[in-house]
Every structure is written in C-alpha cells, then in structure tokens.
Amino acid sequence: MKSKTKNEEEHIGFRPNILCFCCSWCSYAGADLAGVSRFQYPPSIRIVRVMCSGRVDPAFILEAFKDGIDGILVTGCHIGDCHYLKGNEYAKERIERYQDVLKMLGLEKRFKLEWVSASEGKRFSELITEFTAQIKKLGPLIQ
Ligand code: FES
C-alpha cells in the first residue's frame, strides 16, 4: 500500500471547490454522457456551461480564484471540432498567453485547459478525478 506524503495528510477532509467551464456542444455533452453512463467522479465540481470555450475570458478565471475557487478547468471541443470553427483555438491562444500571469500568482497548477468530445464521458470522469486529486494535494487556495 502506498503511504501518504505529509502534504497529502495535511489536507485530509479537504473538499475542493472546482469550477469547470464546459462548451455546450462537446464537453458539456461529455459531462452529460458521464452522468448517463454512471461513470463516477468526485462531487467537487460545479459546471459552468458556455457556448464555446472561446467565450471564457481570462478575467473569469482570476475572478473565480479571487472568490476562493480552488481549481479551474476549461474544457471544449477538440481542436478542429469547434462548432464556431476557431473558438477553441482562440481559447488556447489566449490561455497560453495568460499562463505567465497564473505562474506569477502561483496558480498554474490549479488551472487546466482540456478538450473533451461529446462521446468521451469516461474521459470526462477521469479528468475530473485526476484534477480533483491534484487540487487536494495542493490544499485550499484560501486558508
Ligand atoms: S463549440 Fe466547443 S469549443 Fe467551441
């Protein structure tokens, strides 16, 4: 059996608040499929449905962290599958430019951009499970 590190033990009982932006066409449908297929994932996320990942303004991310959200996921259609053609490419570009700001604030491990299609319910549940574990290790953003 794998023993827990000191850091993991310190955060026992911590239930992170994670915000997950899902585009309406792919990742939201993937989340829905995860539910319909009964794939288990931690109840730590709150989904914010947006029409496209390109709609997620970096200001939303900072505002959410400022309000005490412990981790943020932005999800959308795979590159090439965006229903608005290039919305996810804009999101990727914008968020890559924003990485420096997140690093400067020490928040880069609390943020992730991922692509999930409507048929990837299993992948959605795995993504939430892995990201929740990562945030649990980091502990609460605001102590
Ligand atoms: S519609 Fe899904 S990322 Fe644009």
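**Group meeting: two helices, a strand and a buried glutamate**

Let me start with one residue: Leu62 sits in helix 3. Keep in mind that this is a predicted model. Is Leu62 buried, exposed or partly exposed? Its relative accessibility is 33%, so Leu62 counts as partly exposed. Beyond its neighbours within four places in sequence, Leu62 is in contact with Tyr98 and Leu105. Ile72 lies 10 residues from Leu62 along the chain, and their C-alpha atoms are 9.9 Å apart.

Now the rest of helix 3. The helix runs over residues 58-66, and Pro58, Ile61, Ala64 and Phe65 are buried in it. Looking down the axis, those buried residues fall within an arc of 120°, so they line one face of helix 3. The general rule is familiar: an α-helix has 3.6 residues a turn, so residues three or four places apart point the same way. What do the buried residues of helix 3 pack against? They meet strand 1, strand 3, helix 4 (87-104) and strand 4 (111-115).

Both ends of helix 3 deserve a look. At the start, a side-chain oxygen of Asp57 comes to within 2.7 Å of the backbone nitrogen of Ala59. Just after the helix, Gly68 has a positive phi of about 100°.

On to helix 2, residues 27-36. Here Ser27, Gly30, Ala31 and Ala34 are buried. Their arc around the axis is only 100°, which puts them on the same side of helix 2. Which elements cover them? The cover includes strand 1 (18-23), strand 2 (45-50), strand 3 (71-76) and helix 5 (121-138). Just after helix 2 there is another positive phi, about 60°, at Arg38.

Next, a charged residue in strand 4: Glu114. Buried or exposed? Glu114 has a relative accessible area of 19%, and the cut-off for buried is under 20%, so Glu114 counts as buried. What does its side chain meet? It makes a polar contact with the side chain of Arg123, at 2.9 Å. Setting aside residues up to four places away in sequence, Glu114 touches Val74, Thr75, Gly76, Arg123 and Leu127.

A word on cysteines. Cys77 is buried, at 3% relative accessibility. Cys82 is buried too, with a relative accessible area of 9%. How many disulfides does a search of the whole structure find? The count is 0.

Let me zoom out to the whole chain. There are 5 helices and 4 strands. In sequence order, the pattern is α-β-α-β-α-β-α-β-α. The radius of gyration is 15 Å, close to the 15 Å that the globule rule gives for 143 residues, so the chain is as compact as a globular protein of that length. Along the principal axes, the C-alpha atoms fill a box of roughly 45 × 40 × 25 Å.

Burial and surface next. Of the 143 residues, 41% count as buried. The chain exposes about 8300 Å², and carbon and sulfur atoms supply 54% of that area.

Last, contacts. Take those with a separation of 6 or more: 80% of them join residues 24 or more positions apart. Helix 3 is one place to see this on screen, with its buried residues packing against strand 1 and strand 4, among others.

Note on methods
Residues are numbered from 1 along each chain as its sequence is written. This is a predicted model: local features need pLDDT of at least 70, side-chain atom pairs count only at pLDDT 80 or more; totals for chains, interfaces and linings use all residues. Side-chain values use heavy atoms; hydrogens and water are left out. Buried means under 20% relative accessible area, exposed over 50%, partly exposed in between (1.4 Å probe, protein chains only). Helices (H or I, at least four residues) and strands (E, at least two) are DSSP runs, numbered from the N terminus. The arc is that of the directions from the helix axis to the C-beta atoms. Contact means heavy atoms within 4.5 Å. A disulfide is a pair of cysteine sulfur atoms within 2.5 Å. The radius of gyration is taken over C-alpha atoms; the globule rule is 2.2 Å times the number of residues to the power 0.38. Accessible areas come from the Shrake-Rupley method with a 1.4 Å probe; for residues, only the protein chains shown count as cover. A polar contact is a pair of N or O atoms within 3.5 Å; within protein, one must be able to donate a hydrogen and the other to accept it, and residues adjacent in sequence count only if both atoms are side-chain atoms.
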